[in-house]
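Hi everyone, thanks for coming. Please bring up the sequence and the model on your screens, and we will walk through them together.

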Amino acid sequence: MSKLKIAELFYSIQGEGRYMGVPSVFLRTFGCNFKCAGFGMSRGEVSHEATDLAATHTMIRAFEKYEDLPLVSTGCDSYASWHPDFKDLSPMLETNAIVHRIMKILPHRRWEDEHLVITGGEPLLGWQRAYPDLLDHDSMHRLKEITFETNGTQPLSPEFKEYLLKWRAQREITFSVSAKLPGSGERWEEAICPEVVCEYERVGYTYLKLVVATEQDLADAEQAVLEYRTAGFTGPVYVMPVGGVERVYTLNNRTVAEMAMRKGWRYSDRLQVPLFKNEWGT
Ligand code: SF4
């Protein structure tokens with residue numbers, strides 16, 4: 001039986017991208033290859049919110065549960081899903097136990113029109129071998145739509161790719177690729193991986209979802225899209241406002257919608273921010 005280290009498992013409305021508004025189960029795996037400490041900061045500066053919280057947690061075990069953690073307004077808004085100092089808050093669970101929990105949070109105790117979002121952290125980093133066990137469980141057979149929310153840097157293993165190609169024969173797989181532009185604080189050469197994303201597109205419906213706040217971010221987004229297109233990527237492009245907290249989000253959501261119109265790209269909201277204040281479990 002495979003195991004997955006799970007930061008969060010919850011039922012909510014998908015707030016972003018293609019499935020915005022669709023009732024969804026979110027499975028947030030632990031671990032990421034990035035830190036994205038530049039979000040919400042001036043270029044070249046990094047946020048210390050997550051590292052300060054981590055230091056406090058290490059010293060006095062300040063937080064008992066994932067839901068006790070404060071929201072941050074800069075840096076990665078799901079910092080506890082990868083920061084090693086918070087790994088004690090994310091249990092390692094067998095796929096059977098995860099499926100049991102999923103069935104308990106679905107409103108009809110079985111899949112109907114809901115969709116499954118496997119997110120992170122970076123869900124394609126270390127767990128590809130475990131997903132077939134999860135998806136092949138008897139209770140998961142009615143599931144029809146799944147999205148991997150990924151940063152677009154992790155190639156699919158040949159075995160997992162083969163599995164997904166079979167899985168999608170009667171179902172829908174989506175890769176929502178939130179590629180990290182320089183405003184995230186990550187390096188271009190490591191974050192923009194067009195060949196990886198083109199490979200996803202051969203397996204499922206794939207789109208780019210780029211977080212922008214400034215004209216410089218928009219220029220970076222244009223350059224990134226050019227590189228993806230040059231490599232053969234044909235999927236849609238969404239731009240999404242920065243902001244895991246409402247105060248930041250409302251500063252730039254309209255500006256980003258106008259940027260999207262100018263470029264002929266799609267606008268993605270972050271419905272979880274105005275609807276639920278982006279609290280854990282939403
Ligand atoms: S890739 Fe996503 S989960 Fe990982 S650090 Fe960046 S924003 Fe956070």
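The shell around the ligand divides into 5 nonpolar, 3 polar and 2 charged residues. For those classes, Ala, Val, Leu, Ile, Met, Phe, Trp, Tyr, Cys and Pro count as nonpolar, Asp, Glu, Lys and Arg as charged, and the others, Gly among them, as polar. Who is in that shell? It is made up of Cys32, Phe34, Lys35, Cys36, Cys76, Ser78, Trp82, Gly121, Asn151 and Lys180, where a residue is taken in if one of its heavy atoms lies within 4 Å of the molecule.

A quick word on what you are looking at: this is a predicted model, in which local features need pLDDT of at least 70 and side-chain atom pairs count only at pLDDT 80 or more, while totals for chains, interfaces and linings use all residues. Residues are numbered from 1 along each chain as its sequence is written, and side-chain values use heavy atoms, with hydrogens and water left out.

Let's stay with two members of that shell. Gly121 is joined to Gly120 by a cis peptide bond, with omega at about 15°. You will find Gly121 in the loop between strand 4 (115-119) and helix 3 (131-135); helices (H or I, at least four residues) and strands (E, at least two) are DSSP runs, numbered from the N terminus. Cys36 is not a glycine, yet has a positive phi of about 50°. Cys36 sits in the loop between strand 2 (23-29) and helix 1 (49-60) and is buried, at 5% relative accessible area. Buried here means under 20% relative accessible area, exposed over 50%, and partly exposed in between (1.4 Å probe, protein chains only).

Why point these out? Most residues other than glycine have a negative phi, and most peptide bonds are trans.

Now, is Arg109 buried or exposed? Arg109 is exposed, with a relative accessible area of 52%. Arg109 also has a positive phi, about 60°, without being a glycine, and belongs to the loop between helix 2 (95-105) and strand 4.

Next, let's zoom out. The chain has 9 helices and 9 strands, and 54% of its 282 residues are buried. Its radius of gyration, taken over C-alpha atoms, is 18 Å, which agrees with the value near 19 Å for a compact globule of 282 residues; that rule is 2.2 Å times the number of residues to the power 0.38. Among contacts with a separation of 6 or more, 78% are between residues 24 or more positions apart, a contact being heavy atoms within 4.5 Å.

Which helix should you click on? Try helix 6 (residues 194-201): 6 of its 8 residues are buried, so helix 6 is largely enclosed by the rest of the structure. The buried ones are Pro194, Val196, Val197, Cys198, Glu199 and Tyr200. Their cover includes strand 5 (145-150), helix 4 (158-167), strand 6 (172-177), strand 7 (205-212) and helix 7 (215-231).

To finish, some scenery towards the end of the chain. Pro274 lies in helix 9 (residues 272-276) and counts as partly exposed, at 30% relative accessibility. The C-alpha atoms of Pro274 and Leu134 are 32 Å apart, with their positions 140 residues apart along the chain. Thanks for listening, and I'm happy to take questions.
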